[in-house]
Amino acid sequence: MLCTLAAKATPLWVRSAHTLFRKKPMQYRRLGRSGLKVSELSLGSWVTYGTQVDTKAATECMAAAWDAGVNFFDNAEAYARGMSETIMGESLKQLGWRRAQLVVSTKFFWGLNDGPNERNTLNRKYLMQAIDGSLKRLQLEYVDLAFCHRPDPNTPIEETVRAMSDMITQGKVLYWGTSEWSADEIRAAFEIAERHHLHKPVMEQPQYNLFARDKVEKEFARLYGDMGLGLTTWSPLASGLLSGKYAKGIPADSRAAIKGYEWIAERVTDAAKLAKVEKLRPIAAELGCTVSQLAIAWCVKNPNVSTVITGASRVSQVQENMKALDVLPKLTAEMMLRIEAATA
Ligand code: NDP
């Protein structure tokens, strides 16, 4: 009895860190004002599927993410010129998850062919055939999310809005949105859809990480309340830079070492940014996590972010990154200020 009472009376500050910061299970957030729920961490296939990763490795990574509670897998027509969709489609078939449990996306803009209506466009002709190609490669009857991968200044926004809305009416897409559009373009699309009673865009896919904050935190600030914009954010590690692994050069097994991705090599070896990442190292050590986990948890902390799309070239990275959720409760206001000061 005495023991029980003593245990109950143990002040919070003498309990172990383990008791204070319990393992945090995956939470599901509404995609903006829509009713769709997406896992706060998700997994994407850019650079990896079809370039670094074959179907077997992709399947293993997706299974590891699923085991951690991920329900959203991100893709695009242009990734590995359609190969990424083919691989994900094959993986999904092998994994055999119930379709109702799963959220899958694709994106359109760059196209797979060279014709005047097949490249760098969001015109109706391209979009209406592009969705059919993606569904075939993914072996799906519909995708949950379809994004306009970039804005197209050569097509009236109204034409694009009507085509995206029609994909929904046809049952090929459930929700549509944009990626790397400006706040003005997103608002224009929303207002056109509202005026004509068409399906409105519900989400945007911007880059968001400790080194790319302006769009999410400043430019889009009014859109969250005004139109209920949801965010599926990309590159939480700035292509691996925020993992700290580029401190001593480019590892041979990283995306920065791939031929054709020299532009990534240049970005992840930026001396000023590498110096900032080094300042995160002691903070991560204090929190008992890796620098990657700290950087990913920092993105999840923003309540306007519906899901942080992670990337991984191997299962061990998926497992490490999913544990970023355990860091979330440790990101106090004071800790956030220290992280921001380190990377400012
Ligand atoms: P990250 O910035 O998180 O980079 C992921 C890469 O970093 C991995 O592929 C891996 O590359 C490396 N990495 C991941 N975890 C670790 C770790 N724990 N330790 C060390 N290295 C690690 O994300 P992505 O740039 O891949 O973007 C995520 C997703 O967002 C994409 O897959 C895509 O779906 C989406 N996206 C969308 C864009 C858009 O325009 N809408 C643009 C870009 C991405 P490696 O092992 O090769 O070094």
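Which residues lie nearest the centre of the second largest pocket? In this predicted model, that position is held by Gln 207, Asn 209, Ala 238, Ser 239 and Arg 267, out of 16 residues that line the second largest pocket. Its volume is about 250 Å³. Helix α10, spanning residues 262-268, contributes most to this lining, with 4 residues. Sorted by class, the lining of the second largest pocket consists of 9 nonpolar, 4 polar and 3 charged residues.

The largest pocket has a volume of about 960 Å³. Its lining comprises 48 residues, and those closest to the pocket centre are Trp 46, Val 47, Ser 235, Ser 239 and Arg 255. Two elements, β10 and α13, each give two or more residues to this lining. The largest share, 4 residues, is provided by α13. The lining of the largest pocket divides into 16 nonpolar, 22 polar and 10 charged residues. Ser 239 is thus named among the residues closest to the centre of the largest pocket and also among those nearest the centre of the second largest pocket.

The largest pocket is the space taken by the ligand. A shell of 34 residues surrounds the ligand, and the closest of these are Gln 52, Asp 74, Ser 235, Lys 245 and Ser 313. Ser 235 is also one of the residues closest to the centre of the largest pocket. By class, the shell around the ligand contains 9 nonpolar, 18 polar and 7 charged residues. With respect to secondary structure, β10 (307-310) and α13 (315-322) each supply at least two residues of this shell. The largest share of the shell, 3 residues, comes from α13, the element that also makes the largest contribution to the lining of the largest pocket.

Individual polar atom pairs were examined next. In the side chain of Gln 52, an N or O atom is placed 2.7 Å from an oxygen atom of the ligand. The side chain of Ser 179 has an N or O atom 2.8 Å from a nitrogen atom of the ligand. A further pair involves the backbone: an N or O atom of Ala 238 is 3.1 Å from an oxygen atom of the ligand. Of the 910 Å² of accessible area that the ligand has on its own, 97% is covered by the protein. Ala 238, whose backbone takes part in one of these pairs, is also listed among the residues nearest the centre of the second largest pocket.

Technical notes:
Residues numbered from 1 in each chain as written. Predicted model: local features only at pLDDT ≥ 70, side-chain atom pairs only at ≥ 80, totals over all residues. Heavy atoms only, no water. Near = heavy atom within 4 Å. Polar contact = N/O pair within 3.5 Å; in protein donor to acceptor, adjacent residues only side chain to side chain. Areas by Shrake-Rupley, 256 points an atom, 1.4 Å probe, with all protein chains shown as cover. 1 Å grid on protein atoms, 1.4 Å probe; cavity = no way out; pocket = protein on both sides within 12 Å on 5 of 7 lines; lining within 4 Å. Sits in = over half its atoms within 2 Å of the grid points. Nonpolar A, V, L, I, M, F, W, Y, C, P; charged D, E, K, R; others polar. Points joined across faces, edges and corners; volume = space filled by probe spheres on them.
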